[in-house]
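Here's a protein model to explore piece by piece. Have a look at the sequence and the structure, then read on.

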Amino acid sequence: MKYSLLKYSLLIVACMFLSPPSFASDMIDGLKSLPVQDAGRIKPFESLARESLQLIYGRQTYKKRSAAEVVFTWMIVPDEWDKTPLVEVSHAGLRDSLKLTDKKNKHFTPIELMGSDRVGLHISELKLKQSRKEKLDSFYQAVKRLNSQLNLYHAFKLGIAVRVAPNKESSDTSWTPVGQLKGAPKEAFKKLTEGFAQSVLASVKGGVAEPTYTVEDFTEAITSYNEGEYFDASRVKAELWLHKFEPFQKAALFYLLSMFVMAIAYFSEKKWIYRTAWGFVILGFLLHTCGFLVRVYIVQRPPVSNMYETVIWAAWGTVFFSFILEFLYKKKIILMAAAFVAAGCLLMASLAPTVLDPSLQPLEAVLRSTFWLVTHVMLIVISYGAFFLAWAIGNLNLVTTLIGEEKYKQQIKDGSQAIYRSVQIGVVLLALGTILGGVWADYSWGRFWGWDPKETWALIALLGYLAVLHAKVAGLIKNFGLSASAVAAFSLVIMAWYGVNFWLGAGLHSYGFGAGGIEKVAIVVIIQLLFVLFVAGARYIRNKP
Amino acid sequence: MLLNTCKQTPNKLMKLINNNVETLLWAICIFIFFSTISAFVFALQAGVIAPTEWSKTLLSSLYGYQKGVVSTVDIAKILFTHVLFPVLISIAVGVIFYYVFRRIKKRYPKWFNRLFKLLISVKLAVVIIIIMGVVAAVGTFVEAKYDAKLASRLVYQSLYMHGVLGLLCVQLILVMVDRWPWKRHHLPFVLAHIGIVTTLYGSVLTKYFGVDGSIIFGIGQTQRHITHFTEDVMVYSSFDGSKYALLDQRRVDFFNSRPSRERPYSIPLGEKKIEVIEYQNYTIRNSKITSSLENAAPPAVRVQIEGSRARATKWLMPGRNKGVDKISLGPLELVFAKDVYLWDGKSNIILMTPSRQKAFIDYKVFSKSRQKLIASGKAKVGDVVDTGFMDFKLRIINYFLNASEVVTYEPREYPNDFTTPAVLVRFNEKESWVGLNSVVKFFTDSEVFIFSYANTRLNMGFDMTLNKFRVGRYQGTMKAMSYESDITIQGGQQATISMNDPFKQKGFTFYQASFEQDDSGKPVASILSVNRDPGRFLKYLGSFLIILGTIMLFYFKKAMIKVNRIKNEI
């Protein structure tokens, strides 16, 4: 795009690096809604920009500038960006081996990385490993990320990363990228960039310019050139809304509020406090549901195909089951525990985008069956929600036990009853989901049970909770044992849910595999198990005659 | 005394019946349930009731059979495996344990009663459940470190896994026997336990009577055989080198019964014998092409083709019979032919043939767009030829007019996509490695023996041809959205098999599993998995009962705990 904008580029450089971050915000907001084709679907430019900036820079904003603004200027003034520390290399070992000058900083300029011999060397080693289908260690995972960072940045520079218009002449479904546009679409896009440049100009001068050419004008031009609608505007808008409104973060805040209010209600007899807590949790739940439904609308399928989506859905399940149990038993701690779990899940989902990838991806061929996705995957994940609830109440019970088992006898008993019920709900749903998974596998692969790691670990988790239920029914464990084992057994769920995909990385469920966060999750699980042991030990010593 | 007993018998019987009304009702319910299902299946199979569309679907999906191809033997088999055998076994086990342990257990030594008490205790149940979980977990780690095949053989299909599952079955049945006569609140517990036993029994049927294999065919090819995961060795012999006779065929399991030099696996051939003396689970096949003194040996050339769009380096060696070997690069095909090769005009090709001058190769470049020969000439080792087609350059790296291929297998510790199992075979003091799905020849003065080590091939009884294969991609990407195979069955029936939409024929079910593509991403072959699962119905029935039982637990929880409390107090 450089060629058409030479006269503006200097000015844009000036604005980019001198002006306050909020410059030309109208124009930027307009650009965000530009429909682009990327990764097998049509999305607003905002999504592409956020995902690209996340990959390359490691965050979704660059020094308080919006992703759309930054990414758009990569195409217009690449020479300036080449000299800016932009590419994040977070793996310390890789940074050392690259022998770049500034070791303290995590970000490097594209120029120094692309010019480095060692980068090329590592990438060719990576390609060799990939062709041999070897498992990549964390170093080569980092090289793989660096490779895709550089490729993507290069694609933006060449103007081939942003595909904005369908190709009328070709039967191919891929859209034409901005760098290869011809005829009317090319003119239209030129006008759009000029409009962008002019509003930048105006903002440098201190005024606000009315955008001369908006994204609506551009899409109209493409539509008329294409003789028909070429994208679903309402779905693009819905996705934009999701970015702007961030319903899950807001839901998390309401859940947190509700948790604190419920904690107050726990020590007070006043009914209105209890009702306020209910009110907050319902508000959070509505936002949560709303965000989920919008994602359903955008991708036109149940969004339960990666870690991020399952975390959101499991949290929804936790709150949903707590509603039922709280309504039946009115124990306060049920809702409090659920609000804690849901807030934690939603915050984790929005704060760790490298591990929990929020982008909406098209489904693997084998998963393209909405019926089975709804029954098998959603049932299993929502059963994790029920176990999550049992885990949280179990922890509360353990803490109460530590403070005073005799004094809070009734509370512990109430908690155990809730744990028992939620484990029961979880077991039914997990059994049903696992068996339906078998039926789906039978229907789609031709075998009912094949000891695939994912299905095996789902079975192990099921067996774990079955052992807990049997032990409780037979009187082998009492209230304390139930709480402790509900907490400990949740490690099995973590293994089935997270461990198989992020740690084991084997088997047929490979479409869900990911990387990252293993150490943190392992530490949390170990601390949790140590806590259970500690409480059990303390209790044993205290009760010794 | 005797008279007395006789007189009392009717009363006793009436008392027994009166005391056990619920038990009898239970027995009748179970009997009606099983006989309704079996009667329905039987009537459908025999054609007594008209098979409606849904019942046909049900039948074929559950049993893998289709109406019209089911013989009386099949029906008898189904009846025996699905109804008669399990019912008889359960009744026998039930009656024996009920009478032995509940009625006259006082006469047995103490240790016997203690064993029974242990077997029906919930403590043991918890222990078994935990052991199962631990064993299964070990299996997943083995799979992550090695592969699924090893995990299955070492853990999931091992003796101790079967032992644990067997113990689980025994306990499930004994606990049910112990609770006899069952009351209403036993319903969920009985259903779930019967369900688990039924499901496990179904998987036994699958394991011993089922078929689980795959078919790989290129586009346009016809297949009649399923490749099964089990392994066979076969020995053929020939006197003239053209006609081969099968001498011996055996099912082998070298993984579990490993051959060694001390204890070889021996196949007698008259006075001589072929011995398998070593087995390696993971080996890498290395082939080395060398010059051969034999005049009939085929030529071989190692070429490198390089252009901005694609590059490849490869040995090309036409077989003794096939005469042609090629590299496909998408826009261009590189063909090495022993003698004559006719260009069909449908692709751009570089044709190489051995020249009359010994060290040279003749090459010809044909263009599809211009429909003619655009370049030709001679080249020797070390030459680089500008093909004139795009910017492709051809380099001759090595060339033998008569070549032979020496294959070795190098053992590896861990598997990857290229490893294969291999065996070391000895014949007349000569030793040779044979990889899975390959052969080795042994020569004597008068005859040739071929030793083949391969996956079992099952004849389906009909031909299947792959007409077309399509890959649907997500817009603007190479990411596959769907795979579809268009096939024709012998007799003209056509069908499309796609992901999540299998096809059934003569008891086999065909599933779209995967596909193979060439370097340019064009699909070249389709992979179907094929199966026949006689245990399917029982597995589904069992799963249904398990779910029903667990859901019912919600309603009966209080009763269960009450009973247990009373028991604990006693």
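## Around A:A337

Let's start with A:A337 in this predicted model. Setting aside the residues within four places of A:A337 in sequence, the contacts of this alanine are A:L389, A:A392, A:I393 and A:L396. Now zoom out to the bigger group that A:A337 belongs to: the largest nonpolar core, which has 121 residues. Within that core, A:A337 and A:A339 are the residues with the most contacts.

Which helix supplies the largest share of this core? That's α17 of chain A, residues 370-404, with 16 residues. There's also another core apart from this one, made of 51 residues, and A:V36, A:W81, A:V89 and A:A165 are among them.

## Domains of chain A

Chain A comes with three assigned pieces: domain 1 (2-226), domain 2 (246-357) and domain 3 (386-507 + 515-545). Take domains 2 and 3 of chain A: their C-alpha centres are 20 Å apart. Where these domains meet, 18 residues of domain 2 of chain A are in contact with 16 residues of domain 3 of chain A.

Two helices of chain A, α15 (307-329) and α16 (333-351), each give at least two residues to the side of domain 2 that touches domain 3. The largest share of that side is from α15(A), with eight residues. Sort the side of domain 2 of chain A that touches domain 3 of chain A by class, and you get 13 nonpolar, four polar and one charged.

## A glutamine on the inside

Now find A:Q149, which sits in helix α9 of chain A, residues 138-158. Is A:Q149 buried or exposed? Count the C-beta atoms: 21 others lie within 10 Å of the one in A:Q149. The cut-off for buried is 20 or more, so A:Q149 counts as buried.

What does A:Q149 touch, once you ignore residues up to four places away in sequence? The list is A:L55, A:I56 and A:V87. Along the chain, A:Q149 is 95 residues from A:Q54, yet in space their C-alpha atoms are 9.7 Å apart.

## Chain B in outline

Over to chain B, which has 10 helices and 24 strands. Of its 570 residues, 26% are buried. Pick out the contacts in chain B between residues at least 6 apart in sequence, and 54% of them join residues at least 24 apart.

The domain assignment splits chain B into domain 1 (21-210 + 535-569), domain 2 (212-223 + 458-532) and domain 3 (298-401). Measuring between C-alpha centres, domain 2 of chain B and domain 3 of chain B are separated by 32 Å.

## Two sheets in chain B

As a bit of background, the strands of a sheet pair through backbone hydrogen bonds, and they can do so parallel or antiparallel. One open sheet in chain B has five strands with mixed pairing, in the order β8-β9-β10-β11-β12. Why do β8 (324-328) and β12 (372-379) of chain B have a side without a neighbour in the sheet? They stand at the edges and have a single partner strand each, so one side of each is left free of neighbours. On average, and ignoring direction, neighbouring strands of this sheet are turned by 15° against each other. Inside the sheet, β9 (332-337) and β10 (348-354) of chain B run parallel and are joined by five bridges. One residue pair to look for is B:F336 and its bridge partner in β10(B), B:M352.

Another open sheet has four strands, ordered β7-β6-β14-β13 in chain B, with antiparallel pairing. Its edge strands, β7 (311-316) and β13 (384-386) of chain B, each pair on one side only. Here the average turn between neighbouring strands is 20°, direction ignored. Three bridges link β13(B) with the antiparallel β14 (393-400) of chain B, and B:V385 stands opposite B:L394 in β14(B).

## Where the chains meet

How many residues does each chain bring to the contact? Chain A brings 49 residues, and chain B brings 49 residues. On the side of chain B that touches chain A, the elements giving two or more residues are α6 (122-145), α7 (148-156), β20 (480-489), β23 (508-517), β24 (523-532) and α10 (536-569) of chain B.

The element that gives the most to this side is α6(B), with 14 residues. By class, the side of chain B that touches chain A has 24 nonpolar, 18 polar and seven charged residues.

Terms used: Residues numbered from 1 in each chain as written. Chains lettered and ligands numbered in written order. Predicted model: local features only at pLDDT ≥ 70, side-chain atom pairs only at ≥ 80, totals over all residues. Contact = placed C-beta atoms within 7 Å. Nonpolar A, V, L, I, M, F, W, Y, C, P; charged D, E, K, R; others polar. Core = buried A, V, L, I, M, F, W, Y, C linked by C-beta atoms within 7 Å. Buried ≥ 20, exposed ≤ 12 C-beta atoms within 10 Å, placed from the backbone. Domains from an automatic or database assignment. Pairing = 2+ DSSP bridges. Axes fitted to C-alpha atoms, helices over the stretch in contact; angles between N-to-C directions.
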